[in-house]
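Student: Could you take me through a close look at the side-chain pairings in this model, the charged ones and the aromatic ones? I would also like to hear how the residues involved sit with respect to solvent.

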Amino acid sequence: MGMDRRNGGVFQEIELEDNTVFVSDVTCEEMEAQDSLEVEGNLWCHGTLESDDRVRVRDNCSIGSAELSGSLTVGGDGEIDKLNANDDVQIGGSFNGGTVNISGSLTVGRDGKIDELEENGGVQIGGSFEGGTADISGSLTVGKDGEIGQLDASGSVTIGGSLNAETVDSSGSLTVGQDLELDHLDASGSVKVGGSLRAETVDLSHSLTVGDSLEANVLDSSGGVRVGGDLDADNIDLSGSLDVGGNLKTQVLDTSGSVHVGGDVEGGDLSLSGSLAVKGQCRADKLDSSGSIRAEQGLEVLELDASSSVKVGENLRADRIDVSGSLEVEGNLSCREGDFSGPVQVKGNMELGEGEFSGQLLAEKDCQGERLHFYGKVVVGGLLNAERLKIYLCEDSSAAEVGGGRITIAQEKKRGRLKAQSIEGEELDLEAVEARVVRGNIVRIGAGCRIGLAEYTQDIEIEPGAVVEQQVRV
């Protein structure tokens, strides 16, 4: 069938039964077309445009309401208050829409502004996109910035610039070239943000990658999270790994994967099933980990509970420590209460209130406390001192000096000896000890001891099997 070519003009109502081409601008109140419609100029339809076939406008169009069974192609800008299309819609310039429902794809060459968008195909906007609500079953691609009240997408979402939204619910991947700022993010696919991410809640089933900083109230992810800058979130719950290039600040962290932080950590309650590696300093109220811990510039916590290895690059300060794995401290160790069932190595000084050691202690300098109990091997390069000191030897041990109030040193299963230059306290109960000098008020020297000089003020007891070269009451 041929084309019916007509001149444009101003019309009240237009009814078209054949394929029609208007060779110039058309202005009307209502238009109904049963076959294809082409306008070689601008189309201004203040009321309703109904078409059973394709519609093509060479230049710009402004339509109150469009009910289209076929495709719509506009070469310039388009403005439609209400659009229902069963096929593809292509706007060469900018598009301003009120309520838009499209079964096919939507392509806008420049900027797009739509109050309500429901689309079953893909959406591609070359410039910026501003929307109230967008429900998209296919993919969404925006070349520049996006500002959307509520975005619900079943396919992938790609924003070339920044995205500002209230709520984003995405079943596919989400990629934002620059910053992402929103209230709530719920994504089943991977999320990648080139700049910073700021949100109230982030709930993810897949991985999250943020090029710069991340700030959120709640971060919940089943996949891995990688943040290039700082991460500041009140509550973090992760099933995958966490990699932070800058500093980490949180009130609650619960993760079953590994955690790596390039800067410092400041936290409240940290619970980890995987490893923790901190390049800077780690400060927290409570640190509970079944994986390894490494803090290169110091660790300061109220409570430390670790069942694997702990390595601290500088000083370790805590109110309470419970470590069942190995512990290595490059600097000083200080705590009010400590329970150590694995090997402990400290290159600086140790200062404790109460300490239980059931493994091996290697302290290069002094070790001091109120109540210290050792079961195993003890090697102290300086002074070992406590008001109440008990050492049950399982291996050969040593200390430069031993001091305190009540001191008990005994063999466990007849193994091990302790060597010291001097031992001085109020009450001494010694077994398997080699010392140049021992001094005390009440002194008991048991089997296996070799003492050069024993000085006492009240009483001394030397059992058979002990060797004391000289004893002096002072």
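Tutor: Happy to; what follows goes through the salt bridges, then the aromatic pairs, then two serines. Please keep in mind that this is a predicted model.

Let's start with the charges. Searching the whole structure gives 19 salt bridges. One of them joins the side chains of Asp 4 and Arg 6, with an N to O distance of 3.0 Å. Asp 4 has a relative accessible area of 25%, so this residue is partly exposed. Arg 6, at 36%, is partly exposed because its value also falls between the 20% and 50% cut-offs.

Another bridge brings together Glu 303 and Arg 320, at 3.4 Å from N to O. This pair connects distant parts of the chain: Glu 303 belongs to strand E36 (residues 299-306) and Arg 320 to strand E38 (residues 316-323), 17 residues apart. Glu 303 is partly exposed at 32% relative accessible area, and Arg 320 is partly exposed at 21%. Since buried means under 20%, the value for Arg 320 does not qualify as buried.

Strand E38 also holds Asp 319, whose side chain meets that of Arg 336 in a salt bridge of 3.0 Å, N to O. Here too the partners come from distant parts of the chain, with Arg 336 in strand E40 (residues 333-340) and the two positions 17 residues apart. Asp 319 counts as partly exposed at 30% relative accessibility, and Arg 336 is partly exposed at 46%. Elsewhere, salt bridges link Glu 38, Arg 54 and Arg 56 into a network.

Now for the rings. The count of aromatic pairs comes to four. In one of them, the ring centres of Phe 11 and Phe 22 are 6.2 Å apart and the planes meet at 55°, so the pair is tilted. Phe 11 lies in strand E2 (residues 9-16) and Phe 22 in strand E3 (residues 20-22), eleven residues apart, and the pair links distant parts of the chain. What about solvent? Phe 11 is partly exposed, at 28% relative accessibility, whereas Phe 22 is buried, with a relative accessible area of 1%.

A second example is the stacked pair of Phe 357 and Phe 374, with 4.7 Å from centre to centre and 20° between the planes. Phe 357 is in strand E42 (residues 350-357) and Phe 374 in strand E44 (residues 367-393), so the link spans distant parts of the chain, 17 residues apart. Phe 357 and Phe 374 are both buried. Together with Phe 340, these two residues make up one aromatic cluster.

Finally, the two serines. Ser 289 is placed in strand E34 (residues 282-289), and its relative accessible area of 1% makes this residue buried. Leaving out residues up to four places away in sequence, Ser 289 touches Leu 272, Gly 274, Asp 305, Ala 306 and Ser 307.

Ser 422 sits in strand E46 (residues 418-430) and counts as buried at 13% relative accessibility. Beyond its neighbours within four places in sequence, Ser 422 is in contact with Ala 400, Glu 401, Val 402 and Val 437. For a sense of scale, Ser 422 and Leu 72 are 97 Å apart in space, C-alpha to C-alpha, and 350 residues apart in sequence.

Notes
Residues numbered from 1 in each chain as written. Predicted model: local features only at pLDDT ≥ 70, side-chain atom pairs only at ≥ 80, totals over all residues. Heavy atoms only, no water. Helix = DSSP H or I, 4+ residues; strand = E, 2+ residues; numbered from the N terminus. Buried < 20%, exposed > 50% of the residue type's maximum accessible area, 1.4 Å probe, protein only. Contact = heavy atoms within 4.5 Å. Phe/Tyr/Trp six-rings, centres within 6.5 Å; stacked < 30°, edge-to-face > 60°. Salt bridge = Lys/Arg side-chain N within 4 Å of Asp/Glu carboxyl O.
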